[in-house]
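Please look over the fold shown here before reading on. The report goes from overall contacts to the sheet, then to single residues and salt bridges.

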Amino acid sequence: MELRIDAQSTSLGEDMRYVVDQLRRENLERARSVWKTGEVRLFLRDEADQILGGCFASMNMGWIHILILWVDKAARGQGWGKRLIEKAELLGREFDAVGAMVETTDFQARPFYESLGYTVFAKLEDCPPEHITYILKKRWME
């Protein structure tokens with residue numbers, strides 16, 4: 001059998017879906033009891049329905065993984081970021097997640113997440129170059 005690696009820089013929806021589905025199928029065979037998946041899509045909107053913030057997360061393997069948190073400069077300092085994270089965590093608890101995790105860099109929001117009870121459990125230096133990416137977690141179920 002002759003194999004080749006096919007590199008693509010554009011999304012191949014059907015091909016990508018096949019690989020993801022195969023991985024999920026194999027994971028379900030090994031860890032069915034904890035392998036639920038879900039998504040969190042929260043938006044902060046003003047009275048004119050303009051988006052002033054958002055929090056996106058994925059839920060799987062018993063954890064909620066916060067992927068994006070953003071609050072517009074006009075709405076910062078008013079507790080909206082905290083409320084978005086708290087809502088995401090609440091959805092994670094309803095999902096039976098044992099905790100939440102997030103990545104942030106040294107120029108982003110590490111102190112913010114630590115103020116919400118997250119602790120650093122890993123760091124990656126020079127990611128991006130000359131900076132550090134931190135991975136934090138908050139566990140609420142033991």
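What share of the contacts in the protein with a separation of 6 or more comes from residues 24 or more positions apart? In this predicted model, residues 24 or more positions apart account for 49% of those contacts.

**Overall make-up**

The protein has three helices and six strands. From the N terminus on, the elements run α-β-β-β-α-β-α-β-β. The protein has 142 residues, and 27% of them are buried. About 10,200 Å² of the protein is exposed. Carbon and sulfur atoms supply 53% of that area.

**The sheet**

The six strands form an open sheet. Their order is β1-β2-β3-β4-β6-β5, and the pairing is mixed. Which strands stand at the edges? They are β1 (38–45) and β5 (119–125). Each has a single partner strand, so one side of each is left without a neighbour in the sheet. From one strand to the next, the twist averages 20 degrees.

Strands of a sheet pair through backbone hydrogen bonds, either parallel or antiparallel. Here, β3 and β4 (residues 99–105) run parallel and are joined by four bridges. One residue pair can be named: Ile66 has Val102 in β4 as its bridge partner.

Helix α2 (residues 80–94) lies across four strands of the sheet: β1, β2 (51–60), β3 and β6 (132–139). The helix runs at about 160 degrees to β3.

**Two buried residues**

Leu84 sits in helix α2. Is Leu84 buried or exposed? Its relative accessible area is 8%, under the 20% cut-off, so Leu84 is buried. Leaving out residues up to four places away in sequence, Leu84 touches Leu42, Gly54, Cys55, Leu69, Trp70 and Val71. Leu42 is 42 residues from Leu84 in sequence. In space, the two are 7.1 Å apart, C-alpha to C-alpha.

Thr105 belongs to strand β4. Its relative accessibility is 8%, so Thr105 also counts as buried. Which residues does Thr105 touch, not counting those up to four places away in sequence? They are Arg110, Cys127, Pro128, Ile132, Thr133 and Tyr134. Of these, Arg110 returns below as a salt-bridge partner.

**A nonpolar patch on the surface**

Phe43, Ile51, Leu67, Ile68 and Trp70 form a nonpolar patch on the surface. Together they have about 450 Å² of accessible area. Which strand gives the most to the patch? It is β3 (residues 63–71), with three residues. Ile68 is placed in β3. Why can Ile68 be a patch member? Patch residues need over 30% relative accessible area, and Ile68 has 41%, so Ile68 passes that cut-off. With that value, Ile68 is partly exposed. Trp70, another patch member, is also among the residues that Leu84 touches.

**Salt bridges**

How many salt bridges does a search of the whole structure find? The search finds seven. The table gives some of them, including their N to O distances.

| Salt bridge | N to O distance |
|---|---|
| Asp21 with Arg17 | 3.9 Å |
| Arg41 with Glu39 | 3.2 Å |
| Glu114 with Arg110 | 3.0 Å |

Asp21 and Arg17 both lie in helix α1 (residues 13–31). They are four residues apart, about one turn of the helix. Asp21 is partly exposed, at 34% relative accessible area. Arg17 is partly exposed too, at 46%.

Glu114 and Arg110 lie in helix α3 (residues 110–115). Why are they separated by about one helical turn? Because they are four residues apart in that helix. Glu114 has a relative accessible area of 35% and is partly exposed. Arg110, at 27%, counts as partly exposed. Arg110 thus has two roles in this account: it bridges to Glu114, and it touches the buried Thr105.

For the pair of Arg41 and Glu39, are the partners exposed or partly exposed? Arg41 counts as partly exposed, with 42% relative accessibility. Glu39 has 58%, over the 50% cut-off, so Glu39 is exposed.

Methods. Residues are numbered from 1 along each chain as its sequence is written. This is a predicted model: local features need pLDDT of at least 70, side-chain atom pairs count only at pLDDT 80 or more; totals for chains, interfaces and linings use all residues. Side-chain values use heavy atoms; hydrogens and water are left out. Patches are made of residues with over 30% relative accessible area and no salt bridge: like charges are joined within 9 Å, nonpolar side chains (Val, Leu, Ile, Met, Phe, Trp, Tyr) within 5 Å. Accessible areas come from the Shrake-Rupley method with a 1.4 Å probe; for residues, only the protein chains shown count as cover. A salt bridge is a side-chain nitrogen of Lys or Arg within 4 Å of a carboxyl oxygen of Asp or Glu. Helices (H or I, at least four residues) and strands (E, at least two) are DSSP runs, numbered from the N terminus. Buried means under 20% relative accessible area, exposed over 50%, partly exposed in between (1.4 Å probe, protein chains only). Two strands pair if DSSP finds at least two bridges between them. Axes are lines fitted to C-alpha atoms, for helices over the stretch in contact, and angles run from 0 to 180 degrees between N-to-C directions. Contact means heavy atoms within 4.5 Å.
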